[in-house]
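Thanks for asking me to look this one over. Here are my notes, written as numbered points so that you can follow them with the model open beside you.

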Amino acid sequence: MNKESGDRIVITGATGNVGTSLVRLLAEDERVGQVRGLARRVPDWSPEKTEWSAVDLGSEDADLTKEFEGATAVVHLAWAFQPTHDPAATWRTNVLGSMRVFEAVAAAKVPALVHASSVGAYSPGPKDRSVDESWPTHGWPDAAYCREKAYLERALDSFEYEHPEVRVVRMRPAFLFKRESASEQRRIFGGRLLPGPLARPELLPFLPDIPGLRVQALHTDDAAHAYRLALHSDVRGAFNLAAEPPVDAGLLGEMTGSRPMRLPRAAVRSAVAAAWNLRLLPASPHLFDAVLRLPLMDCSRARDELHWRPERTAVEVLEEFLEGLRQGAGADTEPLRGRKVG
C-alpha cells in the first residue's frame, strides 16, 4: 500500500522510547501509508514509509498546524523528564507544548488524537487491588511529572468539550521498558555516572524493601501495539496498560536471588533527597514519593474493547531491560543512544 492510499499518522516524540517502537510497528502496517515523525533532532534511522521533521514543541515558533495537515491521526508522545531542578522548563515543553499540539490538531481538522498520559496522572491509590480508568487523575502535586500529566488530563477534558468532532484516546501505561531504552532511562533516572554493569545480581547482597514500593511494568512494544489498535478503531477515552505480575521487592528478589531487606521509607527518601540536592541523582525525591503512592491499574477495558493483551510478563520485561542496562544498549536515535559507563 502506498502512502496516498493509507492512513497518514503523525507522531510527536517519535525518536524516544515509545516513539521508536510505534514508528517501527506502523512502518510494517499495511493500513498505514505514511508516518511522519516529529523530533527535536532528526535521526539517521529511516524505516519504510517514514518521513521526519525537526520540531521543538517547546518553541512558540513551531508550525504544528502545517505538520498535521492531512493527517488521519496524531499520536502525542513527546515528553521532557529533565531538568528536574527546573520545573518551569519541563512545564514549557510538556504542558505548553502539549497545549500547542491540541490546538494544532483542531486547527488542522485531524479526526483523531491519541495522547500519552500515564499511571502517573492518577491520584494516590491502593496497592492491594487494581483500579479502573474512573479513578481520579489529580496526580501527586509535588512531583512535576505527575502534576504535568494530571494538568493535561484536565486540558483534554476541555478540548473534548470544545471539539467533540475529534476522537480523543488517552493511554495510561505503567512504567515502560525495553532493551533499547536502557541507556536513556539510566541517564534520566540514575544519572550519567551510574555504571550499567553494576546491574548484576551477584553485586546485590540485598534489595531495599520499602513500604509502598509495588508498581507495574510493561514492555514498550506491547504499549505500541495498544496505540496501533487504538488508531485502527473508533474507541474514545482512557485505557490502562500494564503487564502482570505487579513488581515489588519480593518479585525482584526472586529474579535476582537477592534477599529483600525492609527499610524505613523516611530514611530512603532522605538519601534520595540528599543525592538529588547534590546533583548526583536526576530523579527527585518528589517522584519517589509519587511512585510509592501510585495505584495498581485494572486493564480490563483495553482487553475488552481494544482486544489488547501484552505478549510479555513484567518479569520478562525487567529481565530484558536489566540485560540492556548491563550492556549499555540503545538505538539509532539521539534520545536512545547507547552508552556504557564504568
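The points below take up the enclosed spaces, one helix, two leucines and some backbone details of what is a predicted model.

1. Let me begin with the second largest pocket. It holds about 180 Å³ of space. There are 13 lining residues, and those closest to the centre of the pocket are Ala-242, Glu-244, Cys-299, Arg-303 and Pro-310. By class, the lining has 6 nonpolar, 3 polar and 4 charged residues. Please keep Glu-244 in mind, as this residue returns in the point on cis peptide bonds.

2. How many cavities of 30 Å³ or more does a search of the whole structure find? The count is 2. The largest cavity encloses about 40 Å³. Its lining is made up of Val-119, Ala-174, Phe-175, Arg-214, Val-215, Gln-216, Leu-294, Pro-295 and Leu-296. These lining residues divide into 7 nonpolar, 1 polar and 1 charged.

3. The second largest cavity comes to about 30 Å³. Around this cavity you will find Tyr-122, Ser-123, Pro-124, Gly-139, Trp-140, Cys-146, Ala-290, Arg-293 and Leu-294. Sorted by class, they are 6 nonpolar, 2 polar and 1 charged. Leu-294 deserves a click in your viewer: this residue lines the largest cavity and also lines the second largest cavity.

4. Next, helix α11, which covers residues 314-327. This helix has 14 residues and reaches 20 Å from its first C-alpha to its last, close to the 20 Å expected at 1.5 Å a residue. Which residues of α11 are buried? They are Ala-314, Val-317, Leu-318, Phe-321, Gly-324 and Leu-325. Viewed down the axis of α11, these buried residues fall within an arc of 125°, so they line one face of the helix. The spacing makes good sense in general terms: an α-helix has 3.6 residues a turn, so residues three or four places apart point the same way.

5. What covers that buried face? The elements over the buried residues of α11 include the strands β8 (175-177) and β10 (217-219), together with the helices α5 (182-190) and α7 (249-256). Just after α11 comes Gly-328, which has a positive phi near 65°.

6. Two leucines are worth a look for their surroundings. Leu-96 sits in helix α3, residues 87-107. This leucine counts as partly exposed because its relative accessibility is 38%, and the partly exposed class runs between the cut-offs of 20% and 50%. Leu-96 and Gly-125 are 29 residues apart along the chain, and their C-alpha atoms are separated by 28 Å.

7. The other leucine is Leu-280, in the loop between α8 (265-277) and α9 (285-291). Is Leu-280 buried or exposed? With a relative accessible area of 59%, Leu-280 is exposed, since exposed means over 50%. Leaving aside neighbours within four places in sequence, Leu-280 is in contact with Gly-190 and Ala-275. From Leu-280 to Pro-124 there are 156 residues in sequence and 28 Å in space, C-alpha to C-alpha.

8. On to the backbone. Most residues other than glycine have a negative phi, and most peptide bonds are trans. Against that background, the bond that joins Gln-82 and Pro-83 is cis, with omega about 5°. Pro-83 lies in the loop between β4 (73-76) and α3. Another cis peptide bond runs from Glu-244 to Pro-245, with omega near 0°. Pro-245 belongs to the loop between β11 (237-241) and α7, while Glu-244 is one of the residues closest to the centre of the second largest pocket.

9. Finally, two positive phi values at residues that are not glycine. Lys-109 has a phi of about 60° and lies in the loop between α3 and β5 (112-116). With a relative accessible area of 70%, Lys-109 is exposed. Arg-279 has a positive phi of about 65° and lies in the loop between α8 and α9, where Leu-280 is also found. Arg-279 is exposed as well, with a relative accessible area of 59%.

Conventions:
Residues numbered from 1 in each chain as written. Predicted model: local features only at pLDDT ≥ 70, side-chain atom pairs only at ≥ 80, totals over all residues. Heavy atoms only, no water. 1 Å grid on protein atoms, 1.4 Å probe; cavity = no way out; pocket = protein on both sides within 12 Å on 5 of 7 lines; lining within 4 Å. Points joined across faces, edges and corners; volume = space filled by probe spheres on them. Nonpolar A, V, L, I, M, F, W, Y, C, P; charged D, E, K, R; others polar. Helix = DSSP H or I, 4+ residues; strand = E, 2+ residues; numbered from the N terminus. Expected span 1.5 Å × (residues − 1). Buried < 20%, exposed > 50% of the residue type's maximum accessible area, 1.4 Å probe, protein only. Arc of directions from axis to C-beta. Contact = heavy atoms within 4.5 Å.
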